[in-house]
Amino acid sequence: MRSPAELTEAFRAHGLKITPQRQLLFRLMHGNECHPTAEALFQTASEQMPGISLRTVYQTLNDLATMGELRSLDLGTGAVRFDPNTDDHHHVVCDHCNEIRDVYVSGSDALSISGLDGFAVSNTSILFNGLCPRCTAVSE
Ligand SMILES: [Zn+2]
Ligand SMILES: [Zn+2]
C-alpha cells in the first residue's frame, strides 16, 4: 500500500472523493500489521474522528482493494480482514486470540502437489493455524 500522500493523489486521479475521513483511514492502514476487520478499523478511526461512519470505512477499504492497494482476506476468523501488505506472503492465525501474522514461504514452487490437474491456478494461499507465543505461555 502506498503512502497516504500518494494515495490522496491516486484517488484524485481516479476521480474518487478525498475527505479527511478517508485520509485518516489511509494513515491507519498504512503499514498496519494487525490485519484489522472493517469494524476494528472503524473503532480505531472513531476514537480519532468521532462521527466517521462504518459505511465510509467499508467504502474506502473496498476502493483501496479495487485499486490493488490492499488485500481482503478470509482467514477463517469470522470476518474479512484487510491487509496493506501486498507482497507475496501467507498467514498464521492463533486459534485462541485470533492474532494474525505474516508468513513468508520460500521454495513453494518446489512443493510436491497432486490433484490440481486441469486447473489454471491464479493464486495460492497457505494458512497456518495454532497457538501464538502468548497463548502457548498461558496454556502451559
Ligand atoms: Zn493467541
Ligand atoms: Zn498479511
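# A walk through the helices

Start by selecting α2 and α3: these two helices pack at an angle of about 120°, and their axes are 11 Å apart. An angle of about 120° falls outside the ranges for parallel, antiparallel and perpendicular, so α2 and α3 are oblique to each other. Turn the view until one helix lies in front of the other, and you're looking at a right-handed crossing. Bear in mind that this is a predicted model.

**Stop 1: where the two helices touch**

Show side chains for L24, L25 and L28 on α2, then for L41, T44, A45 and Q48 on α3; this is where the two helices meet. Try colouring this patch by residue class: you'll get five nonpolar residues, two polar ones and no charged ones.

**Stop 2: the core**

Which residues have the most contacts inside the largest nonpolar core? Select L25, M29, L41, A45, V57, L61 and L70 to see them; the core has 15 residues in total. Now colour the helices α1 (4-13), α2 (20-29), α3 (38-48) and α4 (54-66), as each of them supplies at least two residues of this core. You've already met L25, L41 and A45 at the contact between α2 and α3.

**Stop 3: V57 and its partners**

Next, click on V57, one of those core residues. What is V57 in contact with, once you leave aside its neighbours within four places in sequence? Highlight L25, A38, L41, F42, A45 and I52, and you have the set.

**Stop 4: R27**

Go back to helix α2 and pick R27. Is R27 buried, exposed or partly exposed? A residue needs 20 or more C-beta neighbours within 10 Å to be buried, and 12 or fewer to be exposed. R27 has 15 inside 10 Å, so it counts as partly exposed. While you're here, draw a distance line from the C-alpha atom of R27 to that of D83: they are 13 Å apart, though 56 residues separate the two along the chain.

**Stop 5: zoom out**

Finally, show the whole chain as a cartoon, with its five helices and five strands. Follow the chain from the N terminus and the elements run α-α-α-α-β-β-β-β-β-α. The C-alpha atoms fill a box of roughly 50 × 45 × 20 Å, taken along the principal axes. Of the 140 residues in the chain, 17% are buried. As for contacts with a separation of 6 or more, 49% of them join residues 24 or more positions apart.

Definitions and conventions: Residues are numbered from 1 along each chain as its sequence is written. Chains are lettered from A and ligands numbered from 1 in the order in which they are written. This is a predicted model: local features need pLDDT of at least 70, side-chain atom pairs count only at pLDDT 80 or more; totals for chains, interfaces and linings use all residues. A nonpolar core is a set of buried Ala, Val, Leu, Ile, Met, Phe, Trp, Tyr and Cys residues joined through C-beta atoms within 7 Å. Helices (H or I, at least four residues) and strands (E, at least two) are DSSP runs, numbered from the N terminus. Two residues are in contact if their C-beta atoms, placed from the backbone, lie within 7 Å. Axes are lines fitted to C-alpha atoms, for helices over the stretch in contact, and angles run from 0 to 180 degrees between N-to-C directions. Angles under 35 degrees count as roughly parallel, over 145 as roughly antiparallel, 65 to 115 as roughly perpendicular and the rest as oblique. A crossing is left-handed if the near helix is turned anticlockwise from the far one by less than a right angle, and right-handed if clockwise. Ala, Val, Leu, Ile, Met, Phe, Trp, Tyr, Cys and Pro count as nonpolar, Asp, Glu, Lys and Arg as charged, and the others, Gly among them, as polar.
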